[in-house]
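Student: I'd like to zoom in on just one part of this protein and then see how it sits among the rest. Could you walk me through it slowly?

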Amino acid sequence: MLFSIITACAKNSNAPSSKKDSKYKVDSSLTVAISADQGTLDPAVTMDNSAWKITYPAYERLVDFDGENTKVKAGLAKDWSVSKDGKTWTFHLNSGHKFADGTSVDANAVKFSFERLLKVAKGPASVYSEISKVDAPSSDTVVFTLKQNFPPFLSTLAANYVNIVNPKVMDKEKDGDMGQGYLANHTMGSGPYQLTTWKKGEYIQLGLNPHSTVKPALKKVTFKIVSDPSAQKLQLQKGDVDIAEGVPVDQIESLKSMKNVTLLQKPSLLVDYVYINSSKGNDALKNKKVRQALNYGIDYPSLIKAVQQGYATQSRGPIPKGLWGYDSSAKQYQLDVDKAKSLLKEAGVFNVTLKLLYSDNNPWWETEALTIQSQLATIGVKVKLNKVAYATSRDMMDKGDFDLALGVWSPDFADPFAFMNFWYDSKNFGLAGDRAFYKNTKVDQLLAEAATSNDQSKREALYKDIQTIVIDDAPYILLYQKDYLLPINKNVKGFVFNPMLQGIYNLQDMSK
């Protein structure tokens, strides 16, 4: 479950005094306009890039993604090795890293963080089900023993899942929650930043970790909650915010004429899709023919034009173009009203009403929901819109309390596992990834085989076979692959977009 923020303004007990804010120079602070408030910030719980933009700079990891590419570089670990069978990974840590309270980061902290992640057993834990044990034979050495070979293991370590958490979080434990309540709205990491203030519904602010080995130029970073896209655009134009995440695509062109704004446009691995609740939603959705009918009921080019103004490409299969495993020959649904109606008739489904869940987190979702509602009406499916607060939508998705739901996904490590095994493995029901609550025993078996083979060509062939099955089973409506667009003040320097870290900023390297 998501833990609510009890106080209106949460202060980090490890944070420097807010009185220091008055000493910051104007160009040492950065303000980012975001569209919605956040849910939990606990790295062992959240699977959400929106939350990760807050937590990623507040924690460190064993390895990090290297600049704009998908390769990893040293982080807390200075070097590492793996056994020939792929089951034993040994990492040697750099010295001198400290948590925000001054406590040293050592092998026991790494061991604690992984063991806590597995004991909390929320979404991120599913990635590490192959870990048999974690040992800390010395203060600077960590050894992972896996149950079986797991090829994506190293890449996963650069993701937000395994941010290294200060073991002192156990001092904040309540009712056996291992500090989940506290970390829902605080940070306890060794990254260059830490959460200093969270004023619910207004802003989230990061300040420096005084003990960090990195000394950023930006001393204060504020994520300002501005739900109105037009207001974001105006504030960007005036210079009140430096980055505006929520400017809709229909206003993007007008940004190009602003003298103080540059528009960053990059190929993205972010996909936008619809979860079809295959087992916990409306009974009609248990029928594959009904799910296929919904896929045939979408006019994809029209939707992309209406929702993204053409800054997107229709998806072809669950693995996006640009990531190995992408299948250029995969079946791609197209609008076919007669086919959709015929499938509904074969399924014995008439006058069905489905609830479509979405939130205020992405500014385009309102238009997308209305477009889907209109398009599915042409095949005889009535869609009732259910817009809720972002945190509420996450909770409802996790429980399966919906028929259809809008979603986005981008990979956190450079492997098809990040799409295929998350979305389609039935052990990942809910926010862990399988948000369609889809189960196919054959698919589960093939996914397990693909996840443990060292032969990439074999893995690619397996994922191709799996894609053929799941596209036919249609537990999702795969809408489009979105371009990454970011309006940013020209005074901001040093931002690097990494497709593995969608919506996350390399704040420690940025300046104004």
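Student: What covers the buried residues of H9?

Tutor: Helix H7 (288-296) is part of that cover. Before going further, bear in mind that this is a predicted model, where local features need pLDDT of at least 70, side-chain atom pairs count only at pLDDT 80 or more, and totals for chains, interfaces and linings use all residues. Residues are numbered from 1 along each chain as its sequence is written, and side-chain values use heavy atoms, with hydrogens and water left out.

Now the helix itself. H9 spans residues 337-346, and its buried members are Ala340, Leu343 and Leu344. Viewed along the H9 axis, these buried residues sit within an arc of 100 degrees, so they line one face of the helix. (That arc is taken over the directions from the helix axis to the C-beta atoms.) Turn to the other side of H9 and you find Asp338 and Lys345, both exposed. The cut-offs here are under 20% relative accessible area for buried, over 50% for exposed and partly exposed in between, with a 1.4 Å probe and protein chains only. Helices (H or I, at least four residues) and strands (E, at least two) are DSSP runs, counted from the N terminus.

What comes after H9? Gly348 follows the helix, with a positive phi near 70 degrees. A little further on, Asn351 also has a positive phi, about 55 degrees, although it is not a glycine. Asn351 sits in the loop between H9 and strand S16 (353-359). Its relative accessibility is 74%, which puts Asn351 in the exposed class.

Asp175 makes a nice companion to Asn351. Asp175 is another residue other than glycine whose phi is positive, near 55 degrees. You'll find Asp175 in the loop that links helix H3 (153-156) to helix H4 (180-183). Asp175 is exposed too, at a relative accessible area of 85%.

Some other loop residues are worth a click. Take Asn209, in the loop between strand S10 (203-208) and strand S11 (220-225). Asn209 counts as buried, at 2% relative accessibility. Contact means heavy atoms within 4.5 Å, and if you ignore neighbours within four places in sequence, Asn209 touches Lys98, Phe99 and Ala100, plus Gly189, Ser190, Gly191, Pro192, Tyr193 and Gln194. If you'd like a distance for scale, the C-alpha atoms of Asn209 and Ala414 are 29 Å apart, with their positions 205 residues apart along the chain.

Asn260 is in the loop between helix H6 (252-255) and strand S13 (261-266). At 22% relative accessibility, Asn260 falls in the partly exposed class. Leaving out residues up to four places away in sequence, the contacts of Asn260 are Leu236, Gln237, Gly239, Ile488, Asn489 and Lys490. From Asn260 to Leu157 the C-alpha separation is 37 Å, and the two are 103 residues apart along the chain.

Then there's Thr40, in the loop between strand S2 (29-34) and H1. Thr40 is buried, at 3% relative accessibility. Thr40 and Leu76 are 36 residues apart in sequence, and their C-alpha atoms are 25 Å apart in space.

H1 also takes us to the empty space inside the model. A search of the whole structure turns up three cavities of 30 Å³ or more, and the largest has a volume of about 760 Å³. Lining that largest cavity are 47 residues, with Ser50, Leu270, Asn362, Trp364 and Val408 closest to its centre. At least two lining residues come from each of helix H1 (49-55), helix H8 (300-308), helix H11 (390-399), strand S18 (404-409) and strand S20 (484-489). As for the terms, a cavity is a set of points on a 1 Å grid over the protein atoms alone where a 1.4 Å probe fits but cannot get out, and lining residues have an atom within 4 Å of a point. Grid points are joined across faces, edges and corners, and a volume is the space filled by probe spheres set on the points.

Back to your helix, then: Ala340, Leu343 and Leu344 are the buried residues of H9, H7 is among what covers them, and Asp338 and Lys345 are exposed on the other side.

Definitions and conventions
On a 1 Å grid over the protein atoms alone, a cavity is a set of points where a 1.4 Å probe fits but cannot get out, and a pocket is an open set with protein on both sides within 12 Å along at least five of seven lines; lining residues have an atom within 4 Å of a point.
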